[in-house]
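Visitor: I want each label here justified. Please set the values against their definitions.

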Amino acid sequence: MNAEPRLDPVAIAALAALNICGHPDLVTIVAAAFLKALPGYLVVLRQNVLAPDLKTLSRICHDLKSSSASVGAVVLAALCIEVEALVRSGATHAMASKLRRIVDEIEAVCPELEALLLSRRDGGHTVTAIAGAPEYEEAK
Amino acid sequence: MNAMVDVPARPSRVLIVDDEVIHRLILSRCVELLGWQADAAACLEEAAGKLSAYTYDALIIDLRLGDQDGIHLLKMLQGSRGDPSIIFVSGMDNRTRSAALRVARDRGLRVAGTLSKPINPDSLQAMLLSDPARMKADVPPPGYGRPTAEELREALYGNEIYTEYQAKTDLATGMIVGAEALARWRSPAHGLVSPAHFVMLAEQNDLIDKLTFRVIQDAVITCRRWRDLLPNFSVAVNISPYMLADPTLLTGLDSLLSRHDLPPEALVAEITESAMISNLALATEVLTRLSIKGVRVSMDDFGTGYSSLLTLLRMPFTELKIDRSFVSVCQTDPEAWKIVRATVSLSSELGMRVVAEGVETVDLNNRLRDIGCDVGQGWFIGRPMPAAAMQRCLGLEAARTEAPGLAAPDDAMPIMARQPVKLFG
């Protein structure tokens, strides 16, 4: 099967362009942090498929929208924008199917993030210095 | 005086308040790239602790902090140390972000600006660097951070400075019609240096003419070559306000165009409104002379400066670029959309070509096309890329033009999406 890639390589390159010599690889720490956060989002989203809580959905889709765009998960980001719009309009009848699509998309993004982390490690992009980076510790 | 060498104490310290870890990481790195110190807080309580312990030069605040909001933090700032400048970042609409800035101003706080998420690192760095109070306090740390003017001077004589190109498409046909030339500096010592920083460094150290002509020369040479593929292709270059007073600007441009046999109408000089305001008479003279030569003159970042309409009437603009701050939010902000629509209509009435910056989605691309916006530029259409990658895109575009059956005329696919492997593989 030749599935469409879920992560935009241009966004990954944009993150890599922010690397500083001697600092942790930004692609690695951002991808790791995102991967770590996704199971939590999945739990909440699955709960909301059956009984949508608009306040919760508004908050998590708002967060997920921009963080997924930052790592290049553009389809996921677009779906979150759609759910935010549904929340604003109160159109809950279409919510369940949209949330299921977000769940599917997250499940498709996860293996790509894992592969990305592996390739960064194999490509020599491993952390060269922690340099007192608490955010890195948080992301691990 | 060069503010950056007249330094006292310590590197600037920035507090980032954002409940989302991905953004804390990215924002921190943007700050560190300037050689500044970044602290991060995930909630108001954590931010309050940091504010009581340290003096900050700038605060980057997410407006929506889970169930809390960034406005609440402004109350805490009134009794805090120092006089930090405030930057709001948010995925919320432009009006909400602008309103938040007004709240901060009303509280007597120093406001630097507002940015939409996902953050454009260049915009954030430009905003941080634009704060004059900070400039005096920056100490370049060893090993990375801010390069010096000397390093820039050397880079200009070597091959560290290069040009990237961001495509512009005719929104009606989806075809590439031009590109904006953008200076880049990859320094062996500092990595990729923020354009906001090195352009400012060039402006403050009499290097802006060298930098500008370096980009113009690259742009003219490549444009000449690319017009063999797409005969109507044009290239846009940014003209610094400092260049308006440079007597070599007009003669230098003349000489470059004739040496490389490029017709003047293939060159677009982009200049921001704010750049013109400082010396309107001089700007009018220089831009008029450029226009007489046949060079197209474009008003950049329209909508973000002052006296826009007056400037529009006085200057010989052939093109108007609507700033990305309107365009990128107009799908979620009905007021911004009204401004964009009115600007497109106004440009049409005045006989100017209108370019929308910040075209980041197919929906936006199509909506702009449908209201008659002529040209689009943005990440959906194509990110800045090296000349070789752009040449490959143009080769494909030329093939499409010669064999129109390959693509429908209204095919507005982003150039990235057309050939991702060839561009980035």
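Visitor: How many bridges join β9(B) to strand β11 (residues 234-238) of chain B, and in which sense do the two run?

Guide: Three bridges join β9(B) to β11(B), and the two run parallel. Strands pair if DSSP finds at least two bridges between them, so β9(B) and β11(B) qualify with three. One point of reference: B:G178 stands opposite B:S234 in β11(B). The model is predicted: local features need pLDDT of at least 70, side-chain atom pairs count only at pLDDT 80 or more, and totals for chains, interfaces and linings use all residues. Residues are numbered from 1 along each chain as its sequence is written, while chains are lettered from A and ligands numbered from 1 in the order in which they are written.

Visitor: What makes β8(B) and β9(B) a pair?

Guide: Nine bridges link β8 (residues 161-170) of chain B to β9 (residues 176-187) of chain B, and these strands run antiparallel. B:Q166, for instance, has B:E180 in β9(B) as its bridge partner. The two strands form a hairpin with five residues between them. In that turn, B:G174 has a positive phi of about 80°.

Visitor: How do you know that β9(B) pairs with β10(B)?

Guide: Three bridges join them, in the antiparallel sense. B:S187 stands opposite B:G191 in β10(B). Three residues make the hairpin connection between β9(B) and β10(B).

Visitor: What counts as a helix or a strand, and how many does chain B have?

Guide: Both are DSSP runs, numbered from the N terminus: H or I over at least four residues for a helix, E over at least two for a strand. Chain B comes to 19 helices and 17 strands.

Visitor: Why are β2(B) and β7(B) called edge strands?

Guide: Each pairs on one side only. The open sheet has five strands in the order β2-β1-β3-β6-β7 (chain B), with parallel pairing. Inside it, β3 (residues 58-62) and β6 (residues 85-90) of chain B share five bridges. B:I60 has B:I87 in β6(B) as its bridge partner. Neighbouring strands are turned by 20° against each other on average, direction ignored.

Visitor: Which helices lie on these strands, and at what angles?

Guide: α1(B) lies across β1, β2 and β3 of chain B, at about 165° to β2(B). Helix α5 (residues 121-129) of chain B touches β3, β6 and β7 of chain B, and its direction makes about 175° with that of β7(B). Axes are lines fitted to C-alpha atoms, for helices over the stretch in contact, and the angles run from 0 to 180 degrees between N-to-C directions.

Visitor: Why is α1(B) called largely enclosed?

Guide: Because 13 of its 13 residues are buried. Buried requires 20 or more other C-beta atoms within 10 Å of a residue's own; 12 or fewer is exposed, in between is partly exposed, and C-beta atoms are placed from the backbone. Across chain B, 46% of the 425 residues count as buried.

Visitor: How do you know that the span of α1(B) is as expected?

Guide: The expected span is 1.5 Å times one less than the number of residues. For the 13 residues of α1(B) that gives 18 Å, and the helix reaches 18 Å from first C-alpha to last. After it comes B:G35, with a positive phi near 80°.

Visitor: Is A:T28 buried or exposed, and what decides it?

Guide: It has 23 C-beta neighbours inside 10 Å, so A:T28 counts as buried. A:T28 lies in helix α2 of chain A.

Visitor: What makes the largest nonpolar core a core?

Guide: A core is a set of buried Ala, Val, Leu, Ile, Met, Phe, Trp, Tyr and Cys residues joined through C-beta atoms within 7 Å. This one has 76 residues, and B:I60 is one of those with the most contacts inside it. Helix α2 (residues 26-50) of chain A gives the largest share, eleven residues. Another core, of 74 residues, lies apart from it and includes B:W379.

Visitor: What does B:I60 touch, neighbours within four places in sequence aside?

Guide: Contact means C-beta atoms, placed from the backbone, within 7 Å. B:I60 meets B:V14, B:I16, B:L27, B:I87 and B:V89.

Visitor: How many residues does each chain bring to the contact between A and B?

Guide: Chain B brings 27 residues and chain A brings 27. On the chain B side, α1(B) gives the most, with eleven residues.

Notes:
Contact = placed C-beta atoms within 7 Å.
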